[in-house]
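Student: Could you take one part of this structure and go through it closely? I would like to look at the surroundings of the ligand.

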Amino acid sequence: MVQSCLLMEKLKSAISQTLILSISQSNPQTLPNTCSSLHHFFNQLPQFHQMIEDLAHTNTSLFLKNKESASEFKLKGNSCFSNGENSTALRFYTQALRVAPRDVDVMGKNLVATLYVNRAAVLQKMGLFLESLRDCNRAIAICRSYSKAWYRRGKANTSMGNYADAVCDLKVSLCMERSISGKKQIEGELKLILGQNNREDFTPDVIKCNETDIHDQLQEIQLQCVETETKGRGMVSLTDIPQATLLHAEEPYAAIVSKNCRETHCHFCFKELPADIVPCPSCSMALYCSQLCQIHARGQDQQFHTNNHDISFDLSSDLENYVASVTKAIFDGVNIKQNAEHKHECGVNWPAALPAEIVLAGRVIAKSIEQNRHLGESSTIVNLELCHNYLQLDPEAKLELHISSIVLLKCLHHYYGYDIPLHGDTISQCVLLLSQIKVNSMAIVLMRSADSVDPPSSAGNHTTSTVEQVRVGQAIYLAGSLYNHSCKPNIHTYFLSRTLYIRAIDFVAAGHPLELSYGPQVGQWSCNQRQSSLKEQYAFVCSCTGCSQLNLSDLVINSFRCLNRNCLGVVLDSSVASYEQNKVNPFSCGLPLQVGRLKHDEVKRVASFLCEETASTHRIEPGFCMSCGAFRVLEASNAAVKKAEICIEGLLDSGELLTATLSNALKSLDLLKSALHPYNKRVAEAEDYLAQAFCLIGELQRSGDHCQASIKILEKLYGDDHIVIGNEMVKLASIQLSLGEQDVEESRNRINMIFSRHYGSHVDAIFPHHRFLKRVV
Ligand SMILES: C[S@@+](CC[C@H](N)C(=O)[O-])C[C@H]1O[C@@H](n2cnc3c(N)ncnc32)[C@H](O)[C@@H]1O
């Protein structure tokens with residue numbers, strides 16, 4: 001497979017130094033010239049044309065359908081099915097469906113329909129009845145007169161207790177079945193149901209919809225986009241906003257699944273793929289969780305309905321109505337007007353070979369072309385009117401954006417022809433679009449339950465429930481992009497499928513900026529770590545309150561302990577000290593220290609002390625205790641801390657937990673506590689390791705104690721009601737639940753309070769696996 005980084009390197013090495021220099025000095029005004037020069041240069045380069053051929057031509061695609069491979073996978077699936085190897089059979093049938101061309105008939109039956117019916121049989125065997133039923137529906141959607149599909153549907157409905165539907169399905173199947181043996185089998189099945197239920201007069205159920213629709217009231221809040229002093233545009237509210245108010249919900253302008261989730265998550269809605277995966281009908285790359293998502297992404301597929309001019313059967317009017325209601329339900333919701341975002345990428349190599357943000361830019365451009373076509377307007381590259389960071393980019397990044405833009409537009413040109421004019425202006429617009437995407441695209445993060453269950457032991461089975469965040473996609477939200485970042489955010493973002501939600505986590509007074517976190521937060525990292533991360537990822541210097549005003553977390557998160565046993569003062573190392581010094585120096589950051597607004601007593605004490613001292617010679621000096629001035633040699637402490645951490649982190653790597661390893665880890669924890677400040681995050685992490693280790697060997701009481709110790713430190717760093725505390729409380733509650741402790745009630749209340757504040761009524765939809773949120777012990 002053509003790899004994007006290799007391609008980029010090859011192209012880069014061919015470019016002259018003069019051109020590289022002018023690209024490195026380019027700015028938005030000179031971009032059309034540099035883009036045009038590079039395009040001109042590439043046009044004369046045979047390897048460039050070869051590369052585009054590999055990326056954009058369907059005849060070189062690795063994602064084409066292939067009848068032979070599909071038949072091979074089908075045979076393998078059949079053989080595994082007969083041997084009772086159900087999960088392997090399921091895998092082979094799904095692989096077969098991925099590569100099966102949609103319009104191929106084998107032995108008079110559509111291959112895809114046959115594969116769906118075969119897979120339905122495996123799913124039925126595996127006890128996945130709803131999945132089995134859905135596969136039958138897919139087969140019926142392709143071929144309405146497919147007797148076996150109705151028969152399997154009848155079996156699935158029987159297993160689910162939908163006897164009325166099952167009887168109808170089997171009767172339809174019976175009418176359509178030609179073979180005597182087949183008819184006998186269906187009659188047998190019918191007799192069984194009717195006999196078991198002792199009645200003839202079932203009325204069919206209404207087709208059940210399995211999509212749940214979750215609504216939380218979007219509040220009537222007047223939000224306004226305003227110019228800020230240091231952060232460009234930003235959002236404020238014109239009225240006060242109570243805590244936990246839902247203030248924003250938005251669908252993405254364009255979105256793409258993460259590369260590492262391509263095989264595990266739906267390429268449209270980003271939910272985890274079920275057992276009955278629906279592949280794209282035209283290529284073997286894209287996978288969906290349902291036919292609806294597939295149609296959303298690929299568009300309405302006319303050919304899929306052509307088999308529906310089936311032979312008519314002599315069905316009673318009741319059964320005719322039933323067939324009509326089933327097929328109608330299958331196609332319900334299929335009239336989708338939105339842009340099919342996968343259409344232009346289907347069956348070629350570039351969407352898999354190029355980095356996700358470039359493919360995302362391709363989706364943005366494709367959407368604008370489709371919209372322009374619809375309006376009868378000529379195409380230009382869309383201007384999303386979002387901010388970009390082109391001027392701040394380093395020369396290497398500017399060169400890469402130039403190359404990527406030319407490659408992307410060339411690939412799109414293969415699909416859209418002259419709707420994508422290729423010249424300096426359009427390429428430069430694409431460069432700016434890519435730099436907008438760099439600054440404004442959001443990672444779509446969904447929650448997954450990560451319950452770790454230890455193997456059965458004499459101590460029994462023990463679980464700790466944890467919340468794992470999975471970065472499933474990347475998207476552009478036009479209005480969501482107007483919110484600035486704060487390392488101490490007052491609004492919280494989360495996703496349900498592809499929809500972005502924003503909720504106030506604190507009371508926000510009218511006119512006060514509404515700021516979310518782009519990732520880094522106070523409590524997670526020290527100020528310098530946050531600043532470098534934001535600089536590297538988004539190319540801006542953060543000027544939020546967390547980075548410009550003293551806070552306890554930043555002072556203690558990486559700090560050492562004072563050598564005087566009774567002093568709880570903070571000793572900073574040089575990397576942290578300089579940042580904190582900046583915060584208290586009103587001349588260096590322009591923001592005077594406001595001691596009165598500081599929340600914690602500890603930090604107030606330190607801050608008042610510093611304010612008194614700033615006029616004299618005292619500064620925040622690395623190695624000196626900020627309370628009593630005692631000096632500590634940090635190099636030696638650092639080395640001892642690292643050694644202790646290696647011992648603790650190794651705990652969970654060793655296959656078997658030995659008493660000796662645990663006792664060494666406990667000694668290392670003591671060592672950490674004697675060197676590091678009690679609120680240092682590394683102590684919290686060490687406590688957490690020990691909590692997991694004790695849980696694994698079934699010593700739940702000790703596990704709970706270490707878990708609590710870790711939470712106590714995290715409360716100092718993040719604040720009591722932070723979502724991180726909620727997630728940690730889930731772990732603690734799972735231990736308390738196993739211990740049968742009364743305290744679980746208190747933990748549950750706290751979890752509920754924190755989660756409701758962050759997710760409102762969406763909590764159940766986001767954490768369906770969390771039994772702690774329910775009142776069932
Ligand atoms: C997603 S945009 C937010 C909207 C943007 N301010 C605008 O005018 O369109 C991100 C950009 O806003 C600015 N920004 C956001 N948060 C900031 C902060 N805490 N400090 C400084 N600049 C910030 C940076 O220029 C960053 O690249």
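**The shell around the ligand**

Tutor: Sorted by class, the shell around the ligand holds eight nonpolar, six polar and two charged residues. Keep in mind that this is a predicted model. There are 16 residues around the ligand, and those that come nearest are Lys 231, Arg 233, Asn 440, Asn 484 and His 485.

Three of these names return when we turn to the nitrogen atoms of the ligand. For Lys 231, the backbone takes part: one of its N or O atoms lies 2.6 Å from a ligand nitrogen. His 485 also uses its backbone, with a polar atom there 2.8 Å from a nitrogen atom of the ligand. Asn 484 uses its side chain instead, and a polar atom of that side chain lies 2.8 Å from a ligand nitrogen. As for cover, the ligand on its own has 560 Å² of accessible area, and the protein covers 89% of it.

Next, place the shell on the secondary structure. Helix H17, residues 424-440, supplies at least two residues of the shell, and strand E13, residues 484-485, likewise supplies at least two. In the domain assignment, residues 348-440 form one segment of domain 1, and residues 2-56 form the other. The same assignment also lists domain 2 (545-611) and domain 3 (634-775).

Definitions and conventions: Residues are numbered from 1 along each chain as its sequence is written. This is a predicted model: local features need pLDDT of at least 70, side-chain atom pairs count only at pLDDT 80 or more; totals for chains, interfaces and linings use all residues. Side-chain values use heavy atoms; hydrogens and water are left out. A residue is near a molecule or strand if one of its heavy atoms lies within 4 Å of it. A polar contact is a pair of N or O atoms within 3.5 Å; within protein, one must be able to donate a hydrogen and the other to accept it, and residues adjacent in sequence count only if both atoms are side-chain atoms. Accessible areas come from the Shrake-Rupley method with a 1.4 Å probe; for residues, only the protein chains shown count as cover. Helices (H or I, at least four residues) and strands (E, at least two) are DSSP runs, numbered from the N terminus. Ala, Val, Leu, Ile, Met, Phe, Trp, Tyr, Cys and Pro count as nonpolar, Asp, Glu, Lys and Arg as charged, and the others, Gly among them, as polar. Domain bounds come from an automatic or database domain assignment.
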